Amino acid sequence: MLAAFGINQLGVGDSKKLLKHYGFGDLKTVTDTQLREIRGFGELTSTGIIAGLAERWPEIEALVGRFNIRVTPKPSEQVITESVFTGKHLVFTGKMASSRDEMKAKAESLGAINQSGVNKKTDYLVAGANVGASKLTKAESRGVSVITESQFYEMLGQ
């Protein structure tokens, strides 16, 4: 949701990275110096993000309050249960019976790292229906384990 406010330099990936270091409520007071301590945030990026957050903060708070949006807890409050996917890199692709976003959120809550594409770090490709042949070929050539949606849930014991 944070990325949807059009804050310069703050896309989906950086929003997730930011919220892994600071809870939602902390974003109101975080400084550009603090942001630069996070890997991947440079001086210009940090300055732009802080200015954008300050400008958009009233809208962000109003939206969260009005629609009862679940707020990302502070890192110290986040509980990650150990699982078979803890520390593993996953790519979800194809049409799933379940919500792909919910599957990604479940994997992240169990310590997995979601990726958008297959690369040398990828451990599992979770493949639904209608997966492109190139993604499967790339996964197989890199030794990535290709599993189905049902296998994903079986590995979680569900």
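Which helices and which strand each supply at least two residues of the lining of the second largest pocket? In this predicted model, they are helix 1 (12–21), helix 4 (100–109) and strand 2 (113–115).

The second largest pocket holds about 410 Å³ of space, and among the 14 residues that line this pocket, Gly13, Lys16, Lys20, Ile113 and Asn114 are the closest to its centre. Helix 1 gives the most to the lining, with five residues. Sorted by class, the lining of the second largest pocket is made up as follows.

| Class of lining residue | Residues in the lining |
|---|---|
| Nonpolar | three residues |
| Polar | five residues |
| Charged | six residues |

Strand 2, which contributes to this lining, also belongs to an open sheet of four strands, arranged in the order 2-1-3-4 with parallel pairing. Strand 2 and strand 4 (145–148) stand at the edges of the sheet and have a single partner strand each, so one side of each is left without a neighbour in the sheet. On average, and with direction ignored, neighbouring strands of this sheet are turned by 30 degrees against each other.

Strand 1 (residues 89–93) and strand 3 (residues 124–127) run parallel and are joined by four bridges, with Val91 standing opposite Leu125 in strand 3. Two helices are placed against the sheet. Helix 4, which also supplies residues to the lining of the second largest pocket, lies across strand 1, strand 2 and strand 3 and runs at about 170 degrees to strand 1. Helix 5 (residues 133–141) packs on the sheet by touching strand 1, strand 3 and strand 4, and its direction makes about 150 degrees with that of strand 3.

Definitions and conventions. Residues numbered from 1 in each chain as written. Predicted model: local features only at pLDDT ≥ 70, side-chain atom pairs only at ≥ 80, totals over all residues. Heavy atoms only, no water. 1 Å grid on protein atoms, 1.4 Å probe; cavity = no way out; pocket = protein on both sides within 12 Å on 5 of 7 lines; lining within 4 Å. Points joined across faces, edges and corners; volume = space filled by probe spheres on them. Nonpolar A, V, L, I, M, F, W, Y, C, P; charged D, E, K, R; others polar. Pairing = 2+ DSSP bridges. Axes fitted to C-alpha atoms, helices over the stretch in contact; angles between N-to-C directions. Contact = heavy atoms within 4.5 Å.
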